[in-house]
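Thank you all for making the time this morning. I would like to walk you through one protein chain, slowly, for those who have not met it before.

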Amino acid sequence: MSLLKEPDLGTPARPGAATVDLEIDGQRVSVPEGTSVMRAAALAGVDVPKLCATDSLESFGSCRLCLVEVDGVKGTPASCTLPVSAGMSVHTQSDKLARLRRGVMELYISDHPLDCLTCPANGDCELQDMAGVVGLREVRYGYDGANHLDAPKDTSNPYFEFDPSKCIACSRCVRACGEVQGTFALTISGRGFASHVSAGAEEPFLESECVSCGACVQACPTSTLQEKSVVDLGMPTRSVLTTCAYCGVGCSFKAELRGDEVVRMVPAKTGGANEGHSCVKGRFAFGYASHPDRVLTPLMRESIDQEWREASWDEAIGFVGRRFRELQAAHGPGVIGGITSSRTTNEEVYVVQRMVRAAFGNNNVDTCARVCHSPTGYGLKQTFGTSAGTQDFRSVDDADVMVVIGANPTDGHPVFASRMKRRLREGATLIVIDPRRIDLVRTPHVEAAQHLQLAPGTNVAVVNAMAHTVVTEGLVDADFVAERCEGYVEWAEFVARAENSQGSTMVMGMANLAMATGNIGRRGVGVNPLRGQNNVQGSCDMGSFPHELPGYRHVSDASVRAVYDELWGSTILAEPGLRIPNMFDAALDGSFRGLFVQGEDVAQSDPNTQHVTAALSALDLLVVQDLFLNETAKYAHVFLPGTSFLEKDGTFTNAERRINRVRPVMPPRTGKHEWQVACEIAQVMGYDMSYDDTSQIMDEIAATTPTFTGVSFDLLDKVGSVQWPCNAEHPLGTEIMHEGTFTRGRGHFVQTPYVATTERSTRRYPLILTTGRILSQYNVGAQTRRTANVAWHPEDILEIHPHDAEDRGIEDGDLVTLSSRVGATTLHARLADRMPVGVVYTTFHHPVSGANVVTTENSDWATNCPEYKVTAVQVARARSTATDEEVEAAQPTDAQSGVGVLRSHA
Ligand code: SF4
Ligand code: SF4
Ligand code: SF4
Ligand code: FES
């Protein structure tokens, strides 16, 4: 249980140790310079009445409720805007102050619908609280004067409503949208009595620039901005502190419940990654957990053309275990394997990789992170010695220059983007390297100093060109390089020529640049890969790759294997197992027969869908564990229902190596935790694996993984979260890595020759397709499509430059055919001049458009392409009178084996 209402000290903390001593109502208090009198009073245990102040926002001084008296100072200054000074003596209570405060409250109340008993915020309204605090007993002005009581409600946003009749014009919402979120969607329009809150240019919220982060709702002291779930279900009565299950930012939330029902998610101020902020997904899009599409009972069938039938857990688990063993007995121990999920907890991933290595007896375990995390993990391990980002998000507050390459934080990592934008508004310089003009290039009060609109697939060349300039123009931090790095001379010679040849990845190029300029190992600098899914970092840390045991230790290391073999009673193989693409190839040639897929929709998320589905269809046993019958489940023989984050008990690790607790808000709706299922499959296979609870799993991880030795649920309960390494040397974790020395000793300059992608535009496929994600949707959309988030993105759209569209006779909103050499699909087009000519873009959130039907294996890092997805495509208007050429370009090729992929849009 966590506190339902977190303390609000009125104004933000100021950095630094306490240096200013003062007295408040006779209490001595010492606070850092720049602290407000209001905050100092709160720290001394004295609450000053307030309405327009809250500690997530800079003070504003508009409500005049927080007036105080200060010895030797004339008048009654507002304590929220008054900074402390040494020796001050402040009085927060006097007859005069009480009279003034009551007068302020009378004015507010005279223009307020007095419907407290039926108001959704009853019991959680600061106006109501303050009326009590100041002892309001009468309203001398009456209630008949001019008022705003008939102002119409705006219910356009799917998640919250705006009832201006309750607004006290405190501006907290406006300031939250600007200061915290950085969107600046709200203003106070009009003057004097007519002043009112307006979204955009007096638009409904849904049509304004509002991105539905909810910061304004959280900041509103009344019920003016209110979650619709609170209106429908009532105020929550208890809360559980847990972690968002969407992206790699890893925001901490209070799941607030009434009875057993989750009413709302409120970002926790104590959250190490988010400090009280959130995005639309984490705050509002949790309804999928109770969506009727959830499968709660195991399903089985003999073959994939049959209907599913329900089964008991015992029957399903018994069948899976026995069938895996039969396949091994008939075809050899290496014919089965597993894929772990980056959406599940560390503990669940750990148990599945143990099941594969110890019960299956091979290393055929891989993870969906292969297509997103591998290059960053590999690149940073080669250069710095650790497969992870170098510092915490907070470090960005000290950054002078930010280079964003291959990332789109406002859509993919929104809460981190808000932090970046805050620093950029303070004056930091931004360089964006991206084919598209992503939102960060120009957003309110932020403009990139440089936008390098490179061609997709050429980012290594761009990074090498930057390195060339650093080396040839004498910009190298020679002392840093000499003291802390190796391989510089060879690398400098290489980048001085900057030639193109065979090679490596952009991440190493960025790491080299950071080392060459001395920008590693302290606050405000570093290299930070943003992680796509919530637990990509953790699933890789937990030994999900076929060549690595937990903690990124190679399976060929006998001393590491010995640790696990002794504990597990196993004989781990010294050779790496199959990667996902190898599993698919082996399935097609008959040498791989059975696969356990934990919470991952490979049929939708992996490139070249036809190849993937052909491989899945060839398996003798496909077991899928997930919340919903996803695209992959269409090829499964057994479906094991998974648990949502509200039911899980464990930890996620975010993009800054921060281990956050995921606490169960309710018991598993399926009747079983996912880690229990893996243990029971192993048991049926004759391998004894069991745990009492998830803290025991974490204890085992800590006991066997050097970077985790200090981690335990007890520690996380005590301190909130820790960033690994967390061990005897760093008992409370490590915010900044590579201080003083790199994990690998000396930082290693690795040569990064640019390899042009083999995927080229041709006469037949003259455009380049690149793909990405959008704020309101998540990954393949399985969760977010089952929430009201579809209001913002009901379908995948193809963005195309107006020139390319004009050449093809395409107009905004037209249905178009997108085709590549492996497949084709149809979707609607949007003319977007943020695209460069020759490049088109789409998201892959909706299976109906199936964007990955057209992407090729070349877009997978495993085949050495950079992480940008690059596919040569043609776009044509989809119409009944298509030209011969358009029809030909849109036809499936031989490689598709006749799979019909030309679909009309639903
Ligand atoms: S929900 Fe977020 S983006 Fe929308 S108005 Fe409120 S603070 Fe601004
Ligand atoms: S909507 Fe709420 S936060 Fe915004 S000005 Fe009105 S009362 Fe204040
Ligand atoms: S930024 Fe990411 S972790 Fe935070 S609320 Fe949004 S989706 Fe969840
Ligand atoms: S709280 Fe200080 S003026 Fe409103």
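Where is the place of S171, in terms of the elements on either side? Before I answer, please keep in mind that what you see is a predicted model. S171 sits in the loop that runs between strand β5 (160-162) and helix α4 (172-181). I begin with S171 because its backbone has a positive phi of about 75°, although the residue is not a glycine, and most residues other than glycine have a negative phi. As for its surroundings, S171 has a relative accessible area of 6%, which is under 20%, and therefore the residue counts as buried.

Another residue belongs in this part of the talk, namely R657, which is not a glycine either and has a positive phi of about 65°. Its place is the loop between β27 (650-653) and β28 (658-662), and since its relative accessibility is 0%, R657 counts as buried. On both sides of R657 in the numbering there is a salt bridge partner: E656 pairs with R658, with the closest N and O atoms 2.6 Å apart, and both E656 and R658 are buried.

While we are on the backbone, I would also point you to the peptide bond from W724 to P725, which is cis, with omega near 0°. P725 lies in the loop between β29 (721-723) and β30 (747-748).

Let me now step back to the chain as a whole. The protein chain has 26 helices and 36 strands, and its C-alpha atoms fill a box of roughly 90 × 70 × 70 Å, taken along the principal axes. How does its radius of gyration stand against that of a compact globule? For 906 residues a compact globule would have a radius of gyration near 29 Å, and because the protein chain has 29 Å, the two agree. Of those 906 residues, 60% count as buried.

That brings me to the charged side chains. Side chains of opposite charge can pair when their charged atoms come close, and this structure holds 43 salt bridges. One of them joins E256 and R264, whose closest N and O atoms are 2.7 Å apart. E256 has 2% relative accessibility and so counts as buried, and R264, with a relative accessible area of 12%, is buried as well.

A further salt bridge is the one in which the side chains of E315 and R309 meet, at 2.9 Å from N to O. Here the setting is partly exposed, because E315 has a relative accessible area of 34%, while R309 counts as partly exposed at 37% relative accessibility. Returning to E256 and R264, I should add that salt bridges with shared partners join K5, E6, D124, E227, K254, E256 and R264 into one network.

Finally, let us look at the surface, where D692, D693, D699 and D714 gather in a patch of negative charge. Is D693, which I take as an example, buried, partly exposed or exposed? At 35% relative accessibility, D693 counts as partly exposed, because the value falls between 20% and 50%. Its place is in the loop between α22 (674-684) and α23 (694-704).

Methods: Residues are numbered from 1 along each chain as its sequence is written. Chains are lettered from A and ligands numbered from 1 in the order in which they are written. This is a predicted model: local features need pLDDT of at least 70, side-chain atom pairs count only at pLDDT 80 or more; totals for chains, interfaces and linings use all residues. Side-chain values use heavy atoms; hydrogens and water are left out. Patches are made of residues with over 30% relative accessible area and no salt bridge: like charges are joined within 9 Å, nonpolar side chains (Val, Leu, Ile, Met, Phe, Trp, Tyr) within 5 Å. Accessible areas come from the Shrake-Rupley method with a 1.4 Å probe; for residues, only the protein chains shown count as cover. A salt bridge is a side-chain nitrogen of Lys or Arg within 4 Å of a carboxyl oxygen of Asp or Glu. Lys and Arg count as positive and Asp and Glu as negative; His and the chain ends are not counted. The place of a charge is taken as NZ of Lys, CZ of Arg, CG of Asp or CD of Glu. Helices (H or I, at least four residues) and strands (E, at least two) are DSSP runs, numbered from the N terminus. Buried means under 20% relative accessible area, exposed over 50%, partly exposed in between (1.4 Å probe, protein chains only). The radius of gyration is taken over C-alpha atoms; the globule rule is 2.2 Å times the number of residues to the power 0.38.
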